[in-house]
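Me: Please give me a close look at one part of this protein, the second domain, with attention to its loops, turns and strand pairing. A connected account would help me more than a list, and a brief word on the rest of the chain may follow at the end.

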Amino acid sequence: QLIPEFYENDPSFLINSLKLDLGKRQGGKIVEDVELPPWASGPDDFLQKSQEALESQYVSEHLHEWIDIIFGYKQKGSEAVAAHNVFYPLTYEGGVDFNSIMDPNEKVALLTQILEFGQTPKQLFTTPHPQRIIPRLKSLSRTSSHSVSLAESPVSPNEESFEDLTEESITLAWNNIAKLKLDKQYKIHKEAITGIAVPCNGSSVFTTSQDSTLKMFSKESKTIQRSVSFSNMALSSCLILPGDTTVISSSWDNHIYFYSVAFGRQQDILMGHDDAVSKISWRDGRLYSASWDSTVKVWHCVPGETLSNKKHHFELLAELEHDVSVNTIDLNAANTVLASGTKDGTISVWDVTTATVLHQCFFVCLFAFFFYTDSRHLLSTGEDCCFKVIDVQTGMLISSVTTDEPQRCFKWDGNTILSGAQSGELLIWDLLGGKVTERIKGHTGAVTAMWMNEQCNRVITGGEDKQIMFWKLQY
């Protein structure tokens with residue numbers, strides 16, 4: 001805990017340039033310039049290395065621990081005792097009630113004692129402070145990676161696993177996300193597009209729309225190969241089950257529809273809710289459905305095992321109740337924590353195993369949110385024209401970035417956001433800097449749906465203009 005001069009660029013406070021008589025030490029040595037540690041070659045080098053240390057990865061990772069001690073839950077009580085962080089009682093805010101002291105001499109004595117000892121800062125937090133959001137950077141840095149191609153990427157197959165190579169390619173893609181270019185665009189629906197799903201082979205694209213249809217678009221032939229209408233009400237989202245043989249669509253008619261790609265027909269209907277189903281998610285054999293009936297339901301799905309028994313069997317495992325309509329949901333990587341966003345702007349973080357609420361945050365009507373890969377942070381966007389980052393463990397709002405217009409959908413890597421705006425533009429955001437770094441012309445109406453591949457170098461967007469647009473990175 002040093003004065004700001006230790007992290008600025010003027011080293012004069014370390015040098016006795018005026019040759020002041022600062023006395024002698026007990027050993028007789030004259031006090032002159034500040035003696036620097038052996039790792040510093042001089043005052044300028046000392047300040048530079050101090051700055052580098054302050055902004056280092058290590059400090060970023062452990063900064064919250066310092067906050068816990070100085071301003072947080074380890075400042076007082078049993079946690080302070082355990083952390084050996086206990087000071088003289090008079091140094092704490094509210095340690096003495098001066099109004100109750102009538103003797104003026106005693107009051108002066110206490111004031112003098114407080115001034116002598118100093119004061120601890122005001123306690124601001126009573127729960128552990130969340131860790132700082134740190135961009136996922138390995139061997140590529142944001143400053144150098146713009147000039148690095150995939151062929152030049154410092155990755156050796158002999159040194160790193162396939163997962164490491166995938167992570168490097170993802171990092172490279174996000175570092176170059178501003179180079180996203182429109183490849184093709186097609187008008188395939190009669191109303192706004194609400195969902196996009198792509199099978200593993202990437203040969204086709206499934207889309208849902210407010211025109212009540214599920215469409216299968218072939219990338220090879222550039223034509224609509226299938227168009228399915230389950231009811232006369234809007235479809236709200238879609239996803240593809242592992243194996244790419246079944247597409248699930250949620251509808252405003254309260255139902256969830258299972259479509260067999262192999263047989264080209266509706267396979268099952270899950271009549272799961274009492275109002276429109278707004279969002280669905282599939283993880284490890286479980287279906288999660290959000291609805292305007294103010295619930296999120298968790299289903300265990302057992303598929304039909306034989307050709308004669310093609311029907312799925314559904315078992316309701318949990319029902320998460322809310323006060324108002326639920327607009328969107330997402331799960332962490334371990335599928336143990338679910339976040340739900342409602343029409344009134346409430347984000348609820350649930351323990352899926354016990355079906356209990358861990359935290360709640362209150363904002364304005366939510367459009368979308370997603371967990372970061374570390375499962376500790378959640379990014380949301382809504383009608384209040386703000387991106388908000390929430391710490392999942394504490395429910396604390398970590399940061400907020402104001403936007404000029406609502407952002408309807410997005411993807412992010414922990415620092416960079418690719419969002420679809422109400423105006424139809426694709427915007428690229430520096431979350432830590434809190435600013436737009438690139439604007440890309442896109443749809444002629446709001447961007448309502450977005451899909452990104454695992455390598456993060458291809459994007460498909462859908463909009464109110466009834467179009468899907470194919471985007472790819474051009475390094």
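Reply: **Loops and strands of the second domain**

Cys385 sits in the loop that links β19 (377–382) to β20 (386–391). The model is a predicted one, and in it Cys385 adopts a positive phi of about 60°, although this residue is not a glycine. Cys385 counts as buried because its relative accessible area is 15%, and the limit for that term is under 20%.

A second non-glycine residue with a positive phi is Asp244, where the angle is about 60°. Asp244 belongs to the loop between β6 (235–240) and β7 (246–251). Is Asp244 buried or partly exposed? With a relative accessible area of 24%, Asp244 is partly exposed; the value does not fall under 20%, so the term buried does not apply.

A glycine provides the next positive phi. Strand β8 (residues 256–260) and strand β9 (residues 265–270) run antiparallel and are joined by five bridges. Within this pairing, Tyr257 has Ile269 of β9 as its bridge partner. The two strands make a hairpin in which four residues separate β8 from β9. Gly264 lies in that turn, and its phi is positive at about 65°.

Ser294 offers a view of a loop residue and its surroundings. This serine is placed between β11 (286–291) and β12 (295–302), in the loop that connects them. Its relative accessible area is 15%, which is why Ser294 is classed as buried. Which residues does Ser294 contact, leaving aside its neighbours within four places in sequence? They are Leu320, Glu321, His322, Asp323, Val324, Ser325 and Val326. For Val324 there is a further detail: its backbone oxygen is 3.2 Å from a polar atom of the Ser294 side chain. Ser294 can also be placed relative to Ala276, 18 residues away along the chain: their C-alpha atoms are 9.9 Å apart.

The strand pairing can be followed further in an open sheet of four strands, arranged as β1-β28-β27-β26 with antiparallel pairing. At its edges are β1 (180–187) and β26 (447–452), each of which pairs on one side only. On average, and with direction ignored, neighbouring strands of this sheet are turned by 20° against each other. Strand β26 is linked to β27 (residues 458–463) by five bridges, and these two strands run antiparallel. One position in this region is Val447, which stands opposite Gly463 in β27. As a general point, side chains in a regular strand alternate between the two faces of the sheet.

The wider setting is as follows. The protein is divided into domain 1 (4–117) and domain 2 (165–473), and the centres of the two, taken over C-alpha atoms, are 49 Å apart. An unreviewed UniProt entry annotates residues 1–132 as "domain: BEACH". Over residues 1–132 the chain is 35% helix and 0% strand, with 19 Å between the end C-alpha atoms.

From helix α2 (residues 57–70), Ile69 may serve as an example. Ile69 is partly exposed, at a relative accessible area of 30%. Apart from neighbours within four places in sequence, Ile69 is in contact with Lys74, Gln75 and Asn85. The C-alpha atoms of Ile69 and Glu79 are 9.2 Å apart, with these positions 10 residues apart along the chain.

Technical notes
Residues are numbered from 1 along each chain as its sequence is written. This is a predicted model: local features need pLDDT of at least 70, side-chain atom pairs count only at pLDDT 80 or more; totals for chains, interfaces and linings use all residues. Side-chain values use heavy atoms; hydrogens and water are left out. Domain bounds come from an automatic or database domain assignment. Two strands pair if DSSP finds at least two bridges between them. Axes are lines fitted to C-alpha atoms, for helices over the stretch in contact, and angles run from 0 to 180 degrees between N-to-C directions. UniProt positions are given in the numbering used here, feature names are shortened, and annotations may be inferred rather than shown by experiment. Buried means under 20% relative accessible area, exposed over 50%, partly exposed in between (1.4 Å probe, protein chains only). Contact means heavy atoms within 4.5 Å. A polar contact is a pair of N or O atoms within 3.5 Å; within protein, one must be able to donate a hydrogen and the other to accept it, and residues adjacent in sequence count only if both atoms are side-chain atoms.
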